[in-house]
Amino acid sequence: MKIGIDRISFYTSHYFVDLKTLAEARKVDADKYYVGIGQEKMGIPAPDEDVVTLGASAAYPLMKEGELEEVELLLFATETGIDQSKAAGVYVHGLLELGPRCRTVELKQACYSGTAAIQMALGFVARNPAKKALVITSDVARYELGSPGEATQGCGSVAMLISADPRILAIDPEAGYYTEDVMDFWRPNYRSEALVDGKYSTMVYIHALIESWKQYAEESGRELTDFDRFCYHIPFTKMAEKAHQKLCRKCRVKTSREDMQHLLEESLRYSRITGNCYSGSMYVGLTSLLETGEEDLTGKRIGLYSYGSGCVGEFYSGVVQPGYRDVLFGDQHAKMLAERTELTYQQYEDIFHYGVPTDGGDYIFPQYKTGPFRFSGISQHKREYESLVDE
Amino acid sequence: MKAVAPGKLILSGEHAVVYGKPAIAMAIDRSAVFELTPKEEQGVAFDLPGTGVSESHTVMALRDLKRRAEKKYREFLKGDVGIGYVLGAPADLFRFTFIHTMDGLHRTLDSGLVMKLRSSIPVGCGMGSSAATVLSEIRAIGHYFRVDFKPDWYYEYSLEAEKLQHGRPSGVDSYISLHGGCARFQNGVASSIALPRTQMFMVQTGVPATSTGECVMDVEKQFGNSGIWSEFEAVTNEFEQAIRSNNTQKLHWLVRENNRLLSAIGVVPEKVQRFIAEVEAWGGSAKICGAGSVAGECGGVVLVIADEMPRGICEKYGYAVSPVRGDPLGTRIV
């Protein structure tokens, strides 16, 4: 029985900052970002948007098409925690009007947890082939103003329906994974921005990739040349290119610039203009590949490498299914990305400092441009959400 | 089709701005929302807070209203009538804005429309309610008719409507509502600065007994040639620096200085002065925002900066209080 991704939908904020604007404010050459890390824009959530609204908005097209009716497992992967106890997915469950007979939980392991969620969802469907699981990855990437990581901020969410006989990607049973206790990136509870050792993190990312690949290759017997495309975790698009080069070198596979372009470029398009989406990052890449690639990928095998600092890495793969193009949301995503509003530097800085009030008071948030759901305020220490669907 | 525009608070320099000195204003998280919905019957109906949907107006009737309002405004400019005479009813501002915008866009109505306004901005307290409502209306109309959003153009249109309400508006309200955030204003020139990050509260002391125009005239009689405006200028300049450096302690001191100067020019009613003194003794700092009042005991909105809400003091005075935060983005379609 094939199990895998049956539908995939991506969402990012309506507002963005062009990295040329940031470069000007930081008095550096824009190519430091455009070329150096391969990023052009970063998505900035509106003051009334958070991981719940981003996630619910990503899943909304599935809700609208009646695809969520058999969902009995909702896994919400995020590292942008909004509550120490309650799973953000439970709010999403309500907004999406999922049935009460549903297991809902939040998963955390930096940028990796989306992959953990998919693997768990595969197990659930294997035992319950008639049921479906909804995996939502949702994050807001934030670093201190003026810090080296600042240009790699972003936000976004990907909702994936996991089922038997999937219409998009049948996931192979083999996987290679790696865990090591390292401190390359973390965010203590008392901070709203992550702490990161960028160079160390890059090294660990690649080390975990090599180790994951080794196990995957042993189990599957496949070689790098057996893949038609690769999707990597993308903190910034240059990282994916760097990682693939290292993996090819390790496997003694020669790759030209053109080969690299062919294998990776389509998966980097969305990420370049949305920025890092942490747990959703690799899946934004997968969406980009499927929706923007000109070549029909039916029957092609995709290599997927997910990395979460701290750290866990996993390499797995999947085969693109016939007719996959008919069930994508490419046009909607292209429209969403084309209609975003650019922020000035001052607006970006003001939103950055805005945050969610932490004084325990009651607040009603004014409305900004969001998806079909918004974070409308706080009352008696409770976050309140609003559906704009009927408006 | 829905557009949102924020109200504003003057953080420093009200009154002084009339004498060419700087002022700092901030867009806030209270806003006007105009929603535009097509309807089958011809004409334009307005659904305003507390009034329900009005009868439909034909474009011809709205043009007639516009002509009359413009004629009265010319009489105001000649000094023949007061500004309160120009718009017959509060709703006329929105009717004028509608037809003025439509004419400016050279658009015609193919179907009827319902224009629904909802606002969380207190009216008549110097919080930029009319500018915000006008801007949200123009933005909604512009979007409905698929006009490219050009900030300068919207600004000009909103000022045309604001004139009928306020006589000779400075443009501060429209600018800050349109662009959001915080800005310094001097001699008609605006420059953007960061939103303050200090905890702020907004206290409603009641609608002032005197209008902004009356306050300004009264202050001019007594302080027109006073050196006090240079003191206001120094406070506002330091206020800007304190915001830029996120220096909360200095902001406290400057708000207190600001209040001292506003009290000196007689626009802070005695009851409000007593309230502010209690806030200061409690550890906060406070000042009126806007013109204040030269009569009665209500001073409009008082801004309090403090670590927590001055709930107890407000209860004692019968004032409503709530947290207030900046709006980073200004007028927008949602």
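**How many salt bridges are counted between chain B and chain A?**

**Close-up 1. The interface between chain B and chain A in the predicted model.** The count of salt bridges between chain B and chain A is 0, although 21 residues of chain B are in contact with 21 residues of chain A. Of the area that these residues lose to chain A on the side of chain B, 35% belongs together to Arg325(B), Pro328(B) and Leu329(B), which lose the most. Between them, the two chains bury about 1,800 Å², and 53% of this area is on carbon and sulfur atoms.

**Close-up 2. Pro366(A) and its surroundings.** Pro366(A) is found in the loop of chain A that lies between strand S15 (363-364) and strand S16 (373-379). Is this proline buried or exposed? With a relative accessibility of 8%, Pro366(A) counts as buried, because buried means under 20% relative accessible area. Apart from its neighbours within four places in sequence, Pro366(A) is in contact with Asp48(A) and Arg374(A) from chain A, and with Asp29(B), Ser31(B), Asp327(B) and Arg332(B) from chain B. Ser376(A) is 10 residues away from Pro366(A) along the chain, and the C-alpha atoms of these two residues are separated by 7.4 Å.

**Close-up 3. The open sheet S15-S16-S17 of chain A.** Three strands are arranged here in the order S15-S16-S17, and their pairing is antiparallel. S15(A) and S17(A) stand at the edges, where each has a single partner strand, so one side of each is left without a neighbour in the sheet. S15(A) and S16(A) are joined by 2 bridges, with Ile364(A) partnered by Gly377(A) and Tyr363(A) standing opposite Ile378(A). S16(A) and S17(A) pair over 6 bridges, and one of the bridge partners to look for is Ser387(A) in S17(A), which is matched with Phe373(A). These two strands form a hairpin with 2 residues between them, and in the turn Gln380(A) has a positive phi of about 50°. Because 6 of the 7 residues of S16(A) are buried, this strand is largely enclosed by the rest of the structure. Helix H3 of chain A lies across S16 and S17, and runs at about 150° to S16(A).

**Close-up 4. Helix H4 of chain A and what covers it.** How many of the 8 residues of helix H4 (residues 88-95) are buried? The number is 6, and the helix is therefore described as mostly covered, where buried means under 20% relative accessible area. The buried residues are Ala88(A), Gly89(A), Tyr91(A), Val92(A), His93(A) and Leu95(A). Their cover includes helix H3 (51-64), together with strands S4 (71-77), S5 (103-107), S6 (132-141), S16 and S17 (382-387) of chain A. Just after the helix, Glu97(A) takes a positive phi of about 55°.

**Close-up 5. The open sheet S3-S2-S14 of chain A.** In this sheet, 3 strands follow the order S3-S2-S14, and the pairing is mixed. Strand S3 (41-44) and strand S14 (341-342) stand at the edges with a single partner strand each, so one side of each is left without a neighbour in the sheet. Strand S2 (residues 15-18) runs parallel to S14(A), to which 2 bridges join it, and Phe16(A) stands opposite Glu342(A) in S14(A).

Note on methods
Residues numbered from 1 in each chain as written. Chains lettered and ligands numbered in written order. Predicted model: local features only at pLDDT ≥ 70, side-chain atom pairs only at ≥ 80, totals over all residues. Heavy atoms only, no water. Helix = DSSP H or I, 4+ residues; strand = E, 2+ residues; numbered from the N terminus. Buried < 20%, exposed > 50% of the residue type's maximum accessible area, 1.4 Å probe, protein only. Contact = heavy atoms within 4.5 Å. Pairing = 2+ DSSP bridges. Axes fitted to C-alpha atoms, helices over the stretch in contact; angles between N-to-C directions. Buried area = accessible area lost by both parts, 1.4 Å probe. Salt bridge = Lys/Arg side-chain N within 4 Å of Asp/Glu carboxyl O.
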